Amino acid sequence: MKEIKLQKNVLSKNDVIAAELRKQFTQKRLLVLNLLSSPGSGKTSLLEETAKALGSSLRFAVIEGDLQTERDADRIRKYGVKAVQINTGRGCHLDANMIAGAVTQLDLDSIDVLFIENVGNLVCPAAYDLGETAAVLLVSTTEGDDKPAKYPTAFLKADLLVLNKIDLAPYTNFSTERFREDAARIKPKLKMIEVSCTTGAGIDQWIQWLEEQIKAKKIL
Amino acid sequence: MHEMSIALNIVEILREEVAKENGRPLRKVTLSVGELSGIEPDSLRFFLDTAFEDEHWREVSLDIQKAPLAAHCKTCGADFQPEETDFRCSCGSGDVELTGGQALHIESIVLE
């Protein structure tokens, strides 16, 4: 018998590809945001609002991850935004290899921001590095305020927390205070922006955050 | 929730290791599954059992060890085990680095 100590990270292959992507994105000074949320939190709606608010001032493209259909990509394309759809079949997350394939269909030199809309799921996507600059976690008030306690890894991964559907909060038992406190228990300095993609409330703050990130990328 | 794809990743790594050892039969695999890795050990075992059969690895014992959460406080220097829903240090600081419980590793293998 022969024992071999491997100490090998099972996701090491993903992480190698993610590191190569990050290098490529950094060289092009491209802001790449990995958008995480449950199904139905409003990821595509947030991107639609972003397209409306930005107009032609910033150029962006979207990689859409879904189990099936082109519906989300079609919604984005209506705004003249380039969207590449990845259908994962039964896969519950995007991995770095899928992103490496999708970026070959994009002209990275002609955009300022690349959004990666991950598969709606707060568990698996949190485990996969996609080479992104930052991860944006979107939670909506109708999902309940217990998400930080139930899905700590998604909150740990997040660099920005966006709370959507604040216009619906009065009709639910969602407590913004409790949500903020629980999120701070997992990640104390996590910045939170409150928005409603329906009324447009708070979208200006999201756009401001986005512009700051792009500016930081260009200066670096 | 992505235990099936993780099981396939593991088999791929094991295949490479077995090939490096000129195909010596695999007898034991020890995995370390972090509490925060998002992987359910029972589900992973289910998919690995099936995957091992496909590889004709019949007499392989599978040891799945759970790796608990571990953290280091950058303020007071304490190493501690945080609660699942609260990663702050007992000193009150939130400037904490997680040092364990996130990863999924193949710790070791035993070949005949």
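Here are some worked exercises on the two-chain predicted model above.

Local features need pLDDT of at least 70, side-chain atom pairs count only at pLDDT 80 or more, and totals for chains, interfaces and linings use all residues. Residues are numbered from 1 along each chain as its sequence is written, and chains are lettered from A, with ligands numbered from 1, in the order in which they are written.

**Exercise 1. The sheet of chain A**

Task: work out the strand order of the 7-stranded open sheet in chain A, and find its edge strands.

Solution:
- Start with the vocabulary. Strands (E, at least two residues) and helices (H or I, at least four) are DSSP runs, numbered from the N terminus. Two strands pair if DSSP finds at least two bridges between them.
- Now read across the sheet: the order is β4-β3-β5-β2-β6-β7-β8, and the pairing is parallel.
- The edges are β4 (82-87) and β8 (191-194), each of which pairs on one side only.
- From one strand to the next, the twist averages 20°. For angles, axes are lines fitted to C-alpha atoms (for helices, over the stretch in contact), and the values run from 0 to 180 degrees between N-to-C directions.
- Finally, look at what sits on the sheet. Helix α2 (residues 43-54) of chain A packs on it, touching β2, β3 (60-66), β5, β6 and β7 (160-164). Its direction makes about 160° with that of β5(A).

**Exercise 2. Strand β2 of chain A**

Task: decide whether strand β2 (residues 31-37) of chain A is enclosed or not, and find its partners.

Solution:
- Check burial. A residue is buried if 20 or more other C-beta atoms lie within 10 Å of its own, exposed if 12 or fewer, and partly exposed in between, with C-beta atoms placed from the backbone.
- By that count, 7 of the 7 residues of β2(A) are buried, so the strand is largely enclosed by the rest of the structure.
- Take the faces in turn: A:L31, A:L33, A:L35 and A:S37 are buried on one side, and A:V32, A:N34 and A:L36 on the other.
- Then the partners. β2(A) pairs in the parallel sense with β5 (residues 113-117) over 5 bridges, and 5 bridges also join β2(A) to β6 (residues 134-140), again running parallel.
- Zoom in on A:N34: it stands opposite A:I116 in β5(A) and opposite A:A135 in β6(A). A:S37 has A:L138 of β6(A) as its bridge partner.

**Exercise 3. A sheet shared by two chains**

Task: find which strands build the open sheet of 4 strands, and which chains they come from.

Solution:
- The order is β1(A)-β6(B)-β1(B)-β2(B), with mixed pairing.
- β1 of chain A and β2 (61-67) of chain B are the edge strands. The twist averages 15° from one strand to the next.
- Across the chains, β1 (residues 2-9) of chain A and β6(B) run antiparallel, joined by 6 bridges; A:N9 stands opposite B:H105.
- Within chain B, β1 (residues 26-34) pairs with β6(B) in the antiparallel sense over 7 bridges, and B:V29 stands opposite B:I109.
- Now the whole interface: 29 residues of chain B are in contact (C-beta atoms, placed from the backbone, within 7 Å) with 26 residues of chain A. On the chain B side, β6(B) gives the largest share, 8 residues.

**Exercise 4. Helix α1 of chain B**

Task: describe how helix α1 (residues 3-20) of chain B meets helix α2 (residues 41-54) of chain B.

Solution:
- The axes come within 9 Å and cross at roughly 50°.
- That makes the pair oblique: under 35 degrees is roughly parallel, over 145 roughly antiparallel, 65 to 115 roughly perpendicular, and the rest oblique.
- The contact residues include B:I6, B:L8 and B:I10 of α1(B), and B:L44, B:F47 and B:L48 of α2(B).
- α1(B) also lies across β1 of chain A together with β1 and β6 of chain B, at about 40° to β6(B).

**Exercise 5. A loop residue**

Task: place A:T141 and say whether it is buried or exposed.

Solution:
- A:T141 lies in the loop between β6 and α5 (147-150) of chain A.
- With 24 C-beta neighbours inside 10 Å, A:T141 counts as buried.
- The C-alpha atoms of A:T141 and A:F174 are separated by 5.9 Å, though the two are 33 residues apart along the chain.

Note on methods:
Contact = placed C-beta atoms within 7 Å.
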